[in-house]
Amino acid sequence: MLSCFTSANGREASPLERELLAELETEFDAAARRAGATAADWLVAAIREAVNSGSRFVAPKRIREILARWAAEPGDRLRSSGAPAPDPIASLDLSPDIPLPHGFGSRRTWEFTLRLLSQALDPAELERLFAGSAISGYQSGTVTVAVSSQQIAARLMTQYVDLVTRKLGDAMRRPVRVRFIAPDAGAEEAEPLKVPPRAGPNRSPEVEPERNGPAPPPRFTLAGGLTNLQVWAAVQDELFRRLTPANYETWVRPSVLLAQDGDGSLVIGASNALAGRRLARFLPEIELALRGILEQPVRARIVVSSEWQRLPASGNAPPRASDEAR
């Protein structure tokens, strides 16, 4: 179990984390045994689920949330391994597992995308739209999704393309474009149905996301051995559960953890001044999430990334986008 935790996080568990994992093993031992498994089996399965869902840092708190959900499941929904049975819609036809640029295969990525979509769509509608679907290709930022019919493909393109694009982008941790393909009766290969171009800020489909997207923030290490990328990924996972989808998608997902000031406060970068002011409204939630991950009091401030990055390393701090909201 500890080796699985180490593999998931890319580092050894701290003494406190070892203690918390041992407490979880004791707390959920009875529930695991009722499901025909051991608590250690549950812990390993929970770590794997957290990684499969896109988490780049798996904290004991996240593992506990998964275990608590499993313990509350009716017995007939538990597998012999002790983890809940997958949703029917996630049991897709086997297709080639295509490697994708975020490090996971197409099968696991699409299953996670469908789970995200299940939070926004009625189960019956989800079944109608995506039964038998799969990611069938990826090239230059465009994901090809195969669905069951041309009628379904056309409906997805006209009614749900924005939703699918957002959720697939969340699953892959990058902006993507989507096209849908479906077989015609008697045809061996369908004409792909592409997402139509739309006008609007930052929505030009001609832009290549991998080449022209925002540069990643400089990597640095925080107390406890976690990098800023790991910490901010964990914060985003926490805020995804706390905030409305609209607030998370618009203000939180594009933000980055840029640096740590000399006084220990963390610098969070927003894409523009408006995003900074809106993100500042969630500073209490952000600092609470940071405190839980880093296990110490944390102060944070919000800046506009492009302005902050233009300053010399020894220059004055830029105006805080959070000042107007405090």
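In this predicted model, Asp170 is buried, with a relative accessible area of 9%, and its side chain meets that of Arg253 in a salt bridge with an N to O distance of 2.7 Å. Asp170 belongs to helix α8 (residues 150-172), whereas Arg253 sits in the loop between α11 (245-252) and β5 (256-260), so that the pair ties together parts that are 83 residues apart in sequence. Arg253, for its part, is partly exposed, at a relative accessible area of 29%. This contact is one of the 10 salt bridges that the structure holds.

Helix α5 contributes to two further pairs, which are described in turn. A salt bridge is formed between Glu238 and Lys61, whose closest N and O atoms are 3.4 Å apart. Because Glu238 lies in helix α10 (residues 228-242) and Lys61 in helix α5, this pair ties together parts separated by 177 residues in sequence. Glu238 counts as buried, at 10% relative accessibility, while Lys61, at 47%, counts as partly exposed. Arg242 also enters the picture, since a network of salt bridges links Lys61, Glu238 and Arg242.

The other pair consists of Arg64 and Glu27, which form a salt bridge with their closest N and O atoms 2.3 Å apart. Here too, distant parts of the chain are linked, as Arg64 lies in helix α5 (residues 60-72) and Glu27 in helix α2 (residues 15-27), 37 residues apart. Arg64 has a relative accessibility of 37% and therefore counts as partly exposed, and Glu27, at 42%, likewise counts as partly exposed.

Note on methods
Residues are numbered from 1 along each chain as its sequence is written. This is a predicted model: local features need pLDDT of at least 70, side-chain atom pairs count only at pLDDT 80 or more; totals for chains, interfaces and linings use all residues. Side-chain values use heavy atoms; hydrogens and water are left out. A salt bridge is a side-chain nitrogen of Lys or Arg within 4 Å of a carboxyl oxygen of Asp or Glu. Helices (H or I, at least four residues) and strands (E, at least two) are DSSP runs, numbered from the N terminus. Buried means under 20% relative accessible area, exposed over 50%, partly exposed in between (1.4 Å probe, protein chains only).
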